[in-house]
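Let's take a walk through a protein and look at how its side chains meet. Have the structure open as you read.

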Amino acid sequence: MPRRLPPLSALRFFEAAGRHCSFKLAAAELNVTPSAVSHGIVGLEQALGVDLFARGPRGLTLTPEGADYLLYVSEALSLIAAGTQRLPAGPGGRAIAVSCAPTLASRWLLPRLQAFRAQWPGVHLSIDTAQRHVGFPVDGFDFAIRMSRGPIAAASWARLFGERLAPVCSPAYRDTLLDARGRVDWRRATLIHVTLASEDWQAWLEGAGDAAGEAIGLAGGLRFDTIQLAFEAAAAGLGVVLGRRPLVDQDLAAGTLVELPLPALQAQTAYWLVSADAVERRSEALAFRQWVLDEARAFGGAPGG
């Protein structure tokens with residue numbers, strides 16, 4: 001006979017309280033009273049025969065048993081939420097959830113979404129640009145677009161396109177860097193770094209070798225957590241950034257950024273479309289995957305792709 005499960009409401013109280021280590025904050029999140037949360041958890045502890053929280057003068061803490069149980073409960077509730085999200089969103093409507101790095105989302109995915117929407121008007125898209133590891137199916141995503149040297153998990157991976165790394169800056173800033181012979185004087189340059197990029201200045205220097213000229217100091221400069229912010233800082237004349245072609249091509253075409261007379265190197269990493277296993281059973285998800293692959297194939301033929 002299957003074991004009787006605790007009430008879902010009690011598990012929701014426990015998950016929220018365990019995450020916040022506070023009955024009050026859990027109650028505010030769930031729109032109930034702190035007393036309701038407290039009584040629900042006491043009932044859960046009695047049913048399980050285990051203390052999940054230690055209640056002391058300094059506040060609420062999870063017991064070792066509670067911390068272990070929270071991992072299972074959180075994953076179970078995430079799976080329920082993911083399965084619910086995959087249900088039809090209305091008459092003929094379904095949802096697709098995509099995790100994508102913010103710069104790629106704004107510069108590549110977003111401008112193209114109208115074409116997909118025109119073909120599949122009943123599909124509801126959710127785009128998440130939080131830069132975190134995505135777990136299938138726990139996090140509820142159907143797809144993730146990530147930078148990688150190659151497939152690194154059991155999920156389905158398809159290569160979209162690569163990048164070429166080229167030092168770029170604003171036209172005015174370039175004029176301050178070039179000496180009388182048109183060479184870059186790195187002593188005058190401020191490097192703009194992308195802290196979360198898998199390949200940045202160190203990778204470019206290793207590939208450029210002698211063509212980079214005199215030694216470049218990597219310790220200083222400006223640092224940003226997104227490529228988009230780094231591009232904007234360079235366009236504002238704050239320094240030199242590694243332009244990632246073809247994502248930076250629109251800036252080069254507009255003239256807000258220009259390439260320095262230095263080598264553009266092929267990155268070792270590329271953008272990949274990662275698909276959850278359940279995608280194979282859903283026609284709208286299969287259509288989205290094929291659409292992304294077709295768009296990437298066309299885009300990859302651009303200069304620097």
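Start with D179, which is partly exposed because its relative accessible area is 25%, and the range from 20% to 50% is what counts as partly exposed. Keep in mind as you look around that this is a predicted model. D179 has a partner: it forms a salt bridge with R183, and the closest N and O atoms are 3.5 Å apart. R183 comes out at 45% relative accessibility, so R183 is partly exposed too.

How many salt bridges are there in total? The count comes to 16. One of them joins R112 to E295, with N and O 3.3 Å apart. This one ties together distant parts of the chain: R112 sits in the loop between α5 (102-109) and α6, while E295 belongs to helix α11, 183 residues away. E295 has a relative accessibility of 22%, so it counts as partly exposed.

Now try E284 and R282. Their side chains also meet in a salt bridge, at 3.0 Å from N to O. Are these two buried or exposed? Both E284 and R282 turn out to be buried. Salt bridges can also join up into a network, and here E15, R19 and E29 are linked in just that way.

Time to switch from charges to rings. A pair of aromatic rings is described by two things, the distance of the centres and the angle of the planes. The structure holds 15 aromatic pairs. Take F116 and F288: their ring centres are 5.2 Å apart and their planes stand at 90°, so this pair is edge-to-face. The cut-off behind that label is an angle over 60 degrees. Like the bridge from R112, this pair connects distant parts of the chain, with F116 in helix α6 (residues 113-119) and F288 in helix α11 (residues 283-299), 172 residues apart. F116 and F288 are both buried.

Next, find W201 and W204. Here the ring centres lie 5.7 Å apart and the planes are at 85°, so you have an edge-to-face pair again. These two residues share helix α8 (residues 201-208) and are three residues apart, which is about one turn of the helix. W201 is buried, because its relative accessible area is 1%, and W204 counts as buried because its relative accessibility is 0%.

Which residues do ring pairs link into a cluster? Look for F14, F23, F53 and Y69, and you've found it.

Definitions and conventions: Residues are numbered from 1 along each chain as its sequence is written. This is a predicted model: local features need pLDDT of at least 70, side-chain atom pairs count only at pLDDT 80 or more; totals for chains, interfaces and linings use all residues. Side-chain values use heavy atoms; hydrogens and water are left out. Rings of Phe, Tyr and Trp (its six-membered ring) pair if their centres lie within 6.5 Å; planes under 30 degrees apart count as stacked, over 60 as edge-to-face and the rest as tilted. Helices (H or I, at least four residues) and strands (E, at least two) are DSSP runs, numbered from the N terminus. Buried means under 20% relative accessible area, exposed over 50%, partly exposed in between (1.4 Å probe, protein chains only). A salt bridge is a side-chain nitrogen of Lys or Arg within 4 Å of a carboxyl oxygen of Asp or Glu.
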